[in-house]
Amino acid sequence: MILVNTDYISGKNLEMLGLVKGSTIQSKNVGKDITQSFKTLVGGELKAYNEMMNDARALATKRMVEEAQGMGADAIVNIRYSSASVMQGAAEVMAYGTAVKFV
């Protein structure tokens with residue numbers, strides 16, 4: 001499966017199959033929330049949350065790819081990511097793009 005954030009793939013003619021998406025809502029445990037809140041007092045990278053968001057993006061991408069494979073896609077073009085806070089310490093990450101087949 002080829003994944004790109006452009007609306008084309010060089011040298012390929014594409015047939016659009018439709019929109020595909022994957023999402024997840026992730027949170028950290030209370031212990032991590034407390035230690036990360038102390039970190040905001042002194043500044044610096046919030047590594048536990050950075051790790052959480054990386055894991056969330058990977059899972060959202062995996063779910064998007066699975067949906068595209070179910071449609072018989074060869075690739076996903078024009079991939080985008082969005083995120084939103086759904087409550088303190090929890091975030092939704094969505095990956096979406098256009099599933100395509102090579103012709």
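This passage walks through the fold of one chain, then its strand pairing, a few residues of strand β2, and its salt bridges.

The model looked at here is a predicted one. Let's start with the overall layout. The chain is built from two helices and four strands, and reading from the N terminus the order of these elements is β-β-α-α-β-β. So the helices sit in the middle of the sequence, with a pair of strands on either side of them, because the elements run β-β-α-α-β-β. Among the 103 residues of the chain, 27% count as buried. The exposed surface comes to about 6,400 Å², and 52% of that is supplied by carbon and sulfur atoms. Contacts across long stretches of sequence turn up often: if we take the contacts with a separation of 6 or more, 74% of them involve residues 24 or more positions apart.

Now for the strands. Strand β4 (residues 90-102) has two partners to talk about. With β2, strand β4 pairs in the antiparallel sense over 13 bridges. One spot where this can be followed residue by residue is G22, which stands opposite A95 in β4. Strand β4 also pairs with strand β3 (residues 75-87), again in the antiparallel sense, this time over ten bridges. Here I76 has A99 of β4 as its bridge partner. Strands β3 and β4 form a hairpin with two residues between the strands, and in that hairpin G89 takes a positive phi near 85°.

Strand β2 (residues 14-27) deserves a closer look, starting with Q26, which is one of its residues. Setting aside residues up to four places away in sequence, Q26 touches M52, A56, L59, G89, A90 and A91. That list includes G89, the residue with the positive phi in the hairpin of β3 and β4. As for M52, it is 26 residues from Q26 in sequence, yet the two C-alpha atoms are 6.9 Å apart in space. Q26 also has a partner within its own strand: its side chain and that of T24 are joined by a polar contact of 3.2 Å.

T24 belongs to strand β2 too. Is T24 buried or exposed? With a relative accessibility of 7%, T24 counts as buried, because the cut-off for that label is under 20%. Its surroundings can be listed as well: leaving out neighbours within four places in sequence, T24 is in contact with A56, L59, A60, R63, A91, E92 and V93. Both Q26 and T24 have A56, L59 and A91 on their contact lists.

Between these two in sequence comes I25, also in strand β2. Its situation is another story: I25 is exposed, at a relative accessible area of 53%. In a regular strand, side chains alternate between the two faces of the sheet. I25 joins V86 and M87 in a nonpolar patch on the surface, and together they have about 300 Å² of accessible area.

On the helix side, helix α2 (residues 47-70) contains T61. T61 has a relative accessibility of 14%, so it counts as buried. Neighbours within four places in sequence aside, T61 is in contact with L3, Y81 and A95. A95 has already come up, as the residue of β4 that G22 stands opposite.

That leaves the charged pairs. Side chains of opposite charge can pair when their charged atoms come close. How many salt bridges does the structure hold? There are two salt bridges in the structure. In one of them, the side chains of E67 and K21 meet with an N to O distance of 3.4 Å. E67 lies in helix α2 and K21 in strand β2, so this pair ties together parts that are 46 residues apart in sequence. Both ends can be seen at the surface to some degree: E67 is partly exposed, with a relative accessible area of 28%, and K21 is partly exposed as well, with 40%.

The other salt bridge is formed by E66 and K62, whose closest N and O atoms are 3.1 Å apart. This one stays inside helix α2: E66 and K62 are four residues apart there, which means that about one helical turn separates them. E66 counts as partly exposed at 42% relative accessibility, and K62 gets that label too, at 47%.

Notes
Residues are numbered from 1 along each chain as its sequence is written. This is a predicted model: local features need pLDDT of at least 70, side-chain atom pairs count only at pLDDT 80 or more; totals for chains, interfaces and linings use all residues. Side-chain values use heavy atoms; hydrogens and water are left out. Buried means under 20% relative accessible area, exposed over 50%, partly exposed in between (1.4 Å probe, protein chains only). Contact means heavy atoms within 4.5 Å. A polar contact is a pair of N or O atoms within 3.5 Å; within protein, one must be able to donate a hydrogen and the other to accept it, and residues adjacent in sequence count only if both atoms are side-chain atoms. Patches are made of residues with over 30% relative accessible area and no salt bridge: like charges are joined within 9 Å, nonpolar side chains (Val, Leu, Ile, Met, Phe, Trp, Tyr) within 5 Å. Accessible areas come from the Shrake-Rupley method with a 1.4 Å probe; for residues, only the protein chains shown count as cover. A salt bridge is a side-chain nitrogen of Lys or Arg within 4 Å of a carboxyl oxygen of Asp or Glu. Two strands pair if DSSP finds at least two bridges between them.
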